[in-house]
Amino acid sequence: TPHHSLLAALPKCEHHLHLEGCLSPSLTFQLATKNNITLPSPSSDAAYTSVETLTERYKNFSDLNDFLGYYYRALDAIITQDDFEMLGWEYFTTAAKDGVKHAEVFFDPQSHTARGIALGVVVSGFNAACKRAEKELDITSKLIMCFLRHLPVQESRDTMQAAVEEGYFDITTKGQDRTIAGVGLDSSEVGFRPELFGEMFMEAEKMGIRRTAHAGEEGDPTYISGALDTLHAERIDHGIRLVEDTKLMDRVIKENIMLTHVGELPIRKFLEEGVKFSLNSDDPAYFGGYILNNYCAVQNAFDLSVEEWKVIVQNSIQGSWCEQTRKDELL
Ligand code: ES4
Ligand code: ZN
């Protein structure tokens with residue numbers, strides 16, 4: 001597109017990227033072979049016949065749960081600490097090419113610990129990728145540990161407790177080089193209300209841990225207000241359905257809540273009303289592209305002015321959880 005190089009040069013901050021969502025079909029097959037893991041047989045699901053058929057299937061998800069089924073299944077191929085570091089590195093090298101300067105990235109520990117992989121293996125692998133990205137790519141980063149809301153809340157509590165006890169949060173660490181700054185909430189939304197996780201998030205807040213939650217992606221606006229009221233979410237991931245509730249929209253503006261990865265649909269409205277949002281990669285291996293692709297798609301759809309892009313970029317720097325000195329460098 002004509003604006004590609006202009007958009008590529010913008011100093012981007014990413015707030016909505018699932019590291020597991022960077023697992024491409026080719027990397028899935030590659031790791032499955034290396035680790036001797038059997039993916040579903042093509043006779044049970046023809047999508048697993050080849051990299052090409054799986055890639056094709058990824059273009060036709062019917063809804064969030066259809067996507068999540070493939071997303072969780074592919075993770076079976078990831079086993080070792082090096083695998084996690086490689087997946088993280090896959091993200092950071094691509095992000096660097098797209099002009100990302102600071103990235104706050106999600107991971108889903110329960111999708112791995114449920115398969116018998118130690119939390120420390122997951123965290124250390126991703127953490128290593130973060131450290132390497134800072135050194136070699138000039139990308140600063142934070143990890144956000146997400147809880148899978150479709151699983152029993154007790155499993156999330158156990159995960160939280162293990163992460164605190166093992167010292168993985170950057171606020172609780174004792175001189176170790178850790179990067180987990182916050183907690184999030186993801187997976188199937190409808191029927192798994194944010195309120196279920198209220199107590200946990202309040203404990204996290206007391207410890208000084210940052211908080212965000214997927215809300216209003218498929219769930220109605222009460223999922224957004226629930227996340228603000230009971231999780232004290234500092235950002236809302238997606239939040240597309242905020243457009244349905246103007247009163248809530250006023251609150252989001254007043255409380256300076258940033259939405260992440262809103263997609264194309266309500267962008268013009270959010271810009272006009274003054275709702276802050278950032279554009280992000282989300283699950284690039286599944287939804288056809290990294291952050292720059294999404295910047296370009298928005299430009300193609302809305303033909304935004306340079307001034308409007310400036311607002312988007314500045315809001316995404318200000319809405320980051322990095323140190324003020326880093327923000328000053330990027331602004
Ligand atoms: C996700 Cl797009 C999306 N929504 C909810 N949970 C997720 N986990 C990974 N991608
Ligand atoms: Zn997401």
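Strand 4, residues 180-186, is largely enclosed by the rest of the structure, because six of its seven residues are buried. The model is a predicted one, and this strand is a convenient place to start reading it.

On one side, strand 4 pairs with strand 3 (residues 140-148) in the parallel sense, over six bridges. Within that pairing, methionine 145 stands opposite valine 183 of strand 4. Strand 4 is also joined to strand 5 by two bridges, and these two strands run parallel. Valine 183 appears here again, with arginine 211 as its bridge partner in strand 5. The chain passes between the two strands by way of helix 9 (residues 198-206), and strand 4, helix 9 and strand 5 form a right-handed β-α-β unit.

The next step goes from strand 5 to strand 6 (residues 235-238). These two strands pair in the parallel sense over four bridges. Alanine 213 has isoleucine 236 of strand 6 as its bridge partner, and alanine 215 stands opposite histidine 238 in strand 6. Here the helix of the unit is helix 10: together with strand 5 and strand 6 it makes a right-handed β-α-β unit.

Strand 6 is in turn connected to strand 7 (residues 258-260) by three bridges, and the two run parallel. Aspartate 237 stands opposite threonine 260 in strand 7. A right-handed β-α-β unit is found here as well, made of strand 6, helix 11 (residues 246-254) and strand 7.

These pairings belong to an open sheet of eight strands, with parallel pairing and the order 1-2-3-4-5-6-7-8. Its edges are strand 1 (12-14) and strand 8, each of which pairs on one side only. As for the side chains, in a regular strand they alternate between the two faces of the sheet.

The loops that follow some of these strands carry the annotated positions. Which residue does the UniProt annotation "active site" cover? In an unreviewed entry, UniProt assigns that annotation to Glu217. Glutamate 217 sits in the loop between strand 5 (210-215) and helix 10 (221-231), two elements that also take part in the β-α-β unit with strand 6. Is glutamate 217 buried or exposed? It has 22 other C-beta atoms within 10 Å, and the threshold for a buried residue is 20 or more, so glutamate 217 is classed as buried. Leaving out residues up to four places away in sequence, glutamate 217 touches Leu64, Glu189, His238 and Ile240. Of these contacts, His238 has already appeared as the residue of strand 6 opposite alanine 215.

A second annotation concerns Asp283, where UniProt places the feature "binding site", again from an unreviewed entry. Aspartate 283 lies in the loop between strand 8 (277-278) and helix 13 (291-302). Aspartate 283 is buried because 21 other C-beta atoms lie within 10 Å. Its contacts, not counting residues up to four places away in sequence, are His18, Gly21 and Tyr71.

Histidine 18 comes from another part of the chain, the loop between strand 1 and helix 2. With 24 C-beta neighbours inside 10 Å, histidine 18 counts as buried. Beyond its neighbours within four places in sequence, histidine 18 is in contact with Phe106, Asp282 and Asp283. Histidine 18 and tyrosine 91 are 73 residues apart in sequence, while their C-alpha atoms are 9.4 Å apart in space.

Which residues are around ligand 1? They are His18, Gly21, Leu64, Tyr71, Asp186, Ser187, His214, Glu217, Asp282 and Asp283. Both annotated residues, Glu217 and Asp283, are therefore in this shell, as the listing around ligand 1 includes them. By class, the shell has two nonpolar, four polar and four charged residues.

Helix 2 (residues 25-34), which follows the loop of histidine 18, holds leucine 27. Leucine 27 has 19 C-beta neighbours inside 10 Å and so counts as partly exposed. The C-alpha atoms of leucine 27 and methionine 86 are separated by 9.8 Å, although the two residues are 59 apart along the chain.

Terms used:
Residues are numbered from 1 along each chain as its sequence is written. Chains are lettered from A and ligands numbered from 1 in the order in which they are written. This is a predicted model: local features need pLDDT of at least 70, side-chain atom pairs count only at pLDDT 80 or more; totals for chains, interfaces and linings use all residues. UniProt positions are given in the numbering used here, feature names are shortened, and annotations may be inferred rather than shown by experiment. A residue is buried if 20 or more other C-beta atoms lie within 10 Å of its own, exposed if 12 or fewer, and partly exposed in between; C-beta atoms are placed from the backbone. Two residues are in contact if their C-beta atoms, placed from the backbone, lie within 7 Å. A residue is near a molecule or strand if its C-beta atom, placed from the backbone, lies within 6 Å of it. Ala, Val, Leu, Ile, Met, Phe, Trp, Tyr, Cys and Pro count as nonpolar, Asp, Glu, Lys and Arg as charged, and the others, Gly among them, as polar. Two strands pair if DSSP finds at least two bridges between them. A crossover is right-handed if, with the strands pointing away from the viewer, the path from the first strand over the helix to the second runs clockwise.
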